[in-house]
Amino acid sequence: MSALLDIRSVSKSFRALRAVTNASFIVEPNTIVALIGPNGAGKTTLFNMVAGVLVPDSGAIWFSGHRIDGFRPDQVCARGIARTFQNAKPFAGLSVLDNVIVGALERSSGMHAARKHAAIILDELDLAPKRNFPASSLTLPDRKKLELARALATRPKLLLLDEVMAGMRPIEREQMVALLREINRRDGMTILLIEHVMRAVMALAAKVIVLHQGEIIAQGSAGQVVRDPAVLECYLGEDSEL
Amino acid sequence: MTRRVIFLLAGLGAVLLGLPSFANNYVLSVATLFLFFAYAGQAWNIMMGFAGQLSLGHSLYLGIGGYAAAALYFHYGIAPWAGLWFSIVLCMLIGASMGALAFRYGVSGVYFTLLTIAFAEFTRIGFDHFDWVGGSGGMFLRVGQRDHVDLFNLRGTPAMFYYVILALAAAAFALSAWLLRSRAGYYWQAIRENEDAAQALGINTFRWKILAVVISAAMTALAGVFSAFYYNNLFPEQLFHINRSIEIILGPIIGGIGTLFGPILGAALLALLADGATELVGALGWEVPGVKQLIYGVVLFVVVTFLPHGVWPVLARKLKAIK
C-alpha cells in the first residue's frame, strides 16, 4: 500500500540546537499513528514541518503523491491536512458555531453550506448545546474538542492532533479515544497524533513512532515499542504511565 | 435583528432625512461633520474592527483621495463624480502596495501601525513640496454659487452636502453589515482573533488582509473627495496630519471597535461632546485657550477607562434587556 504521508530524512535545527535529525517514517491511509517521546524530543517541530509552519533544513515531505515541504500552512490545509494546536487557539470572540463555520468555509460553496456542515460536526462532537456560547467561555476539554471540530470541518484526509488529550480527566479521555476511533473507522480518517497519555496511545495507534532528542529511536506496533530496550531507557524515570 | 433595533433605525433614519427641513445651517454643519466621521470611522473599522489590522495612518487615504479628485477638477475641470474613481483606484493601489509590503515581510502588530504612520507622514512631507497641487501653500477650489445645487460638480447648498454624506454613511453601514456576514467577514474575524489558527484552516491570510486594507482605503478615499469639495481647500499639513487619523478612529473606539453601530454611535457622541464643551465653556465664561480640549480629553479618558469595549456593546445589552 502506498503511503499517505511520507517523511524522508527530514532535519531541522534552531541555531545550534538540532530539533529533528534525519527523521523518516510513513503514515498509511486509514491508520492511526502515534508520535511519542519525552518533552523536547522534537515532536511538535516535526508536526510543524508537516503543517507548513516550519520549513525543513533538509529532507522531503510527501503527501498523497505531492511534495509539500515548504508549502504555507493554508496550502497544506488545502491539500487535505488539518491540525490542532497543543495550546488550543480558539477564535475567542466568536461563537462555537462560528469557529467551526470558519473551518468549513474554504471547502464549502457558500455560507449556507458551511453553516450546515458545521452544525453536523458540532452534533457529532456533542458541542451542539454550546453552539452559541463564545469560544472564550469553554472549559479546556471543550476547547480541545473545538480544535478538533474546526479541523474536521476542513474535510481533511489526514488529521494532525497535537496532545489533544492533555488536561483532560480520564473519563473525557476515554470519550475522546472512542470518538477518534469512530472517526477513523467510519470515515476512514487517517490520524497522526502526538500524545503523552500512553493508555490512549495503546488503545488507538496501529503504529507508534518514538522520538528522542530529535531522532527516531523505534517504530512499530505499540506492543513492540514499549518492550524496546532503547525506549525503556529514554523513558526511565519519566512519569510516562508506561 | 430584533424589532426594537429596526424601530430605532427607522426613527433615526426619519430624523436624519428630515433634518435639513427644520435645522439651521449651524446644526446642519454639525450633523454633516458627525456623518463624515461616522462614514470614515466605518471605513477604518473594516480594517481594524473586522480584520484586526490597526492603522494610524488613514489620513493618507483621506489626503490622496481628496487631492486626486481636487487636482483633476482644478487643472482639467474634471467633475468630482468622474474624478472620484481615480481617487478610489489610486488609494486601493497604495493600500494594496503597503499591505503587500507589510504582510509579505511579516510586519505585524505595533510595527504595522508604525508603517501606516510612516506612509502618511512621508506623503505629507512629499505634498508640502508638490507644487502642482500647491505645495504647503495649499490648493483652493472655486466656491461657486452656494444656493445652486450642482450634484455632478459637488457644488451646492449645505443641505446637498448633508444628503451626500448621509447617503455615504448609510451605504457604508449596509456594506459593513453585508461584509460581516459574508465569507470575508468570517475570515477577517478569524484572522483578528488568531492568525495562526486561521491559516491552519486553509485561509490565505495574506490575501484577505490585503482585501480589508483595499476596501478600507477605497472608502476613505471617498471621504477625502467629500472633504475636499465641502471645504474647498486642501493643505498637506491638515489632510495628511496624524491628527486626522486619530480623529477618524476616535468614533469607533468610543462607540465600539468591530461592531456595526459603534462607529456611528461614537461619532454622534463625539459631535455632541465637542458642541457641548463649546456651549459649556461659553456659558461659564471660561474662555481660556485649551479648556475645550481639556474637557474633551477628560470625557474620552473616562469613557475608555470605564467602557473599554465602547458604548455600543453596553447599550445593546440594555436595549435587549428592556425588550
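**Exercise 1. Contacts along the chain**

In chain A, what share of the contacts with a separation of 6 or more comes from residues 24 or more positions apart?

Solution. The model is predicted. Take the contacts in chain A whose partners have a separation of 6 or more; residues 24 or more positions apart account for 64% of them.

**Exercise 2. Overall form of chain A**

Describe the dimensions of chain A and decide what its radius of gyration says about a compact globule.

Solution. Step one: along the principal axes, the C-alpha atoms of chain A fill a box of roughly 50 × 40 × 35 Å. Step two: a compact globule of 242 residues would have a radius of gyration near 18 Å. Step three: chain A has 18 Å, so the value agrees with that expectation. Step four: 47% of the 242 residues of chain A count as buried. The secondary structure of the chain comes to nine helices and ten strands.

**Exercise 3. Surroundings of strand β7(A)**

Work out why strand β7 (residues 158-162) of chain A is described as largely enclosed, and place its neighbours.

Solution. Step one: a residue is buried if 20 or more other C-beta atoms lie within 10 Å of its own. Five of the five residues of β7(A) are buried, so the strand is largely enclosed by the rest of the structure.

Step two: consider the side chains. In a regular strand they alternate between the two faces of the sheet. In β7(A), A:L158, A:L160 and A:D162 point one way, while A:L159 and A:L161 point the other way, and all are buried.

Step three: find the paired strands. Strand β6 (residues 81-83) of chain A runs parallel to β7(A) and is joined to it by three bridges. Within this pairing, A:L159 of β7(A) has A:A82 opposite. Strand β8 (residues 190-194) of chain A is also parallel to β7(A), with five bridges between them. Here A:T190 in β8(A) is the bridge partner of A:L158.

Step four: add the helix. Together with helix α6 (residues 170-187) of chain A, β7(A) and β8(A) make a β-α-β unit, and this unit is right-handed.

**Exercise 4. The side of chain B that touches chain A**

Identify which helix of chain B gives the most residues to the side that touches chain A, and sort that side by residue class.

Solution. Step one: 21 residues of chain A are in contact with 16 residues of chain B. Step two: on the chain B side, α7 (183-193) and α8 (195-200) each supply at least two residues. Step three: α7(B) gives the most, with six residues. Step four: this side of chain B divides into seven nonpolar, six polar and three charged residues.

Note on methods
Residues are numbered from 1 along each chain as its sequence is written. Chains are lettered from A and ligands numbered from 1 in the order in which they are written. This is a predicted model: local features need pLDDT of at least 70, side-chain atom pairs count only at pLDDT 80 or more; totals for chains, interfaces and linings use all residues. Helices (H or I, at least four residues) and strands (E, at least two) are DSSP runs, numbered from the N terminus. The radius of gyration is taken over C-alpha atoms; the globule rule is 2.2 Å times the number of residues to the power 0.38. A residue is buried if 20 or more other C-beta atoms lie within 10 Å of its own, exposed if 12 or fewer, and partly exposed in between; C-beta atoms are placed from the backbone. Two residues are in contact if their C-beta atoms, placed from the backbone, lie within 7 Å. Two strands pair if DSSP finds at least two bridges between them. A crossover is right-handed if, with the strands pointing away from the viewer, the path from the first strand over the helix to the second runs clockwise. Ala, Val, Leu, Ile, Met, Phe, Trp, Tyr, Cys and Pro count as nonpolar, Asp, Glu, Lys and Arg as charged, and the others, Gly among them, as polar.
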